[in-house]
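Okay, thanks everyone for coming. I'll put the structure up and walk you through a few spots in it.

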Amino acid sequence: MRKIRCALLFLLLAALLAACGKNVEKQVMKQMELGQRYLEEEDYEAALVAFNKVIELDPKTWEAYEGLVNVYEAQENYSDALAALGIGLDAVGYENISDDDQTWVVERYLAWAEMDEERGDYDSAQEILEQGYEKTGDESILEMLNELNEGNELIVWDDAVFEELVREKLSLEGDVYVRDLDEVTELVILGNTHVIVNGDLEDWWFRHLSVMDQEGELIQNGMGILTAFYGIGEGDEAERYTEKGDIHSVNALKYFRNLKSVLIIANHIEDISVISDLDLGSAVFFANDISDLSPLYSFKNYDYNGNEQFVEIGDVLAK
């Protein structure tokens, strides 16, 4: 008799638990529907209440955390969105959500970090990416984190003139970081006088050998002095420069991680080995004091202008 009573009690308890489970499931579904509806209607406070109610009922309902993140994003409250996403991943587990949801999670971390980076809040961007990589182990997040850390590297200048010219051109004051140079894809430096970034000055030129008279005027025919110079402008308004600048080292080029083209002429650069480590499409160093030209051999422009690497600007080459 006692065994029968125990069995009946067990069955009753099981039935009650099943009923409770179904009731909780119904409540979860109802609150999720309410949360989604409120979100679509932009009733964000009501949506937050509904999604949080779902989490109280079943902390492993991933869709509720997604809902919270979507609400906070709509409110542009990214700090709470980040917190909600982290809590949801801890509760449910990144490995337990669908592939589409995993993609969505990674995209959130990358987008939020990019927004902070564009605002100049690099510490916040780093925090977001570190949490993202810790929670997901995603390689694209790690790649962006590494790039961010690289951009946070402080530049150590080894040539005062090069530093001064770059700082003045880019309006850089105080400490300069790698990220501060990311806008530069094309760099032209003419002696000590002109710095051109991304083609912002087009009317300049370099004359390899020109015939000039004693007063420095160009002559088309007859005897004269062969010299080299660079110029700015056109026609009678053109300025000619026949003095070399004072740049001796270009090792700081290694910090220009987006640089594709470099032309630095009329200086005293001897070592250009740094360009071997850069992803350049063009490199020209006319009128310098280069001791080893081999880093230039891979560039097409060297094939027909290689001899100009030896030209001394402003010097009399022949009479």
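Let's start with a question: which residues are buried in helix α8, residues 160-170? Before I answer, a word on the model: it is predicted, so local features need pLDDT of at least 70, side-chain atom pairs count only at pLDDT 80 or more, and totals for chains, interfaces and linings use all residues. Residues are numbered from 1 along each chain as its sequence is written, and side-chain values use heavy atoms, with hydrogens and water left out.

Right, the answer: F162, L165, V166, R167 and L170. By buried I mean under 20% relative accessible area; exposed is over 50%, and partly exposed is in between, with a 1.4 Å probe and protein chains only. Helices are DSSP runs of H or I with at least four residues, strands are runs of E with at least two, and both are numbered from the N terminus.

So what do those buried α8 residues pack against? They pack against β1 (186-190), β2 (194-197) and β6 (261-265), where contact means heavy atoms within 4.5 Å. At the start of α8, a side-chain oxygen of D159 comes to within 3.1 Å of the backbone nitrogen of V161. That fits the polar contact rule: a pair of N or O atoms within 3.5 Å, where within protein one must be able to donate a hydrogen and the other to accept it, and residues adjacent in sequence count only if both atoms are side-chain atoms. Just after α8, S171 has a positive phi of about 55 degrees.

Keep phi in mind. Most residues other than glycine have a negative phi. E42 goes positive, at about 65 degrees, and it is not a glycine. E42 sits in the loop between α1 (2-40) and α2 (44-57), and is exposed, with a relative accessible area of 56%. A287 has a positive phi too, near 55 degrees, in the loop between β7 (282-284) and α9 (300-305). Is A287 buried or exposed? A287 counts as buried, because its relative accessibility is 0%.

Now over to α3, residues 62-74. The expected span of a helix is 1.5 Å times one less than its number of residues. For the 13 residues of α3 that gives 18 Å, and the end C-alpha atoms are 19 Å apart, which agrees. α3 is mostly covered, with 10 of its 13 residues buried, including W62, Y65, L68 and Y72. Just after α3, E76 takes a positive phi of about 60 degrees.

In the loop between α2 and α3 you'll find T61, buried at 10% relative accessibility. Leaving aside neighbours within four places in sequence, T61 is in contact with V28 and V54.

Last stop, the largest pocket. It holds about 150 Å³ of space. Which residues line it? E114, E117, E118, M144, E147, L148, D182, R257 and N258. α5 (99-119) and α7 (139-151) each supply at least two of the lining residues.

To zoom out, the chain has 9 helices and 7 strands, and buried residues make up 42% of its 319 residues. Among contacts between residues at least 6 apart in sequence, 48% join residues at least 24 apart.

Conventions. 1 Å grid on protein atoms, 1.4 Å probe; cavity = no way out; pocket = protein on both sides within 12 Å on 5 of 7 lines; lining within 4 Å. Points joined across faces, edges and corners; volume = space filled by probe spheres on them.
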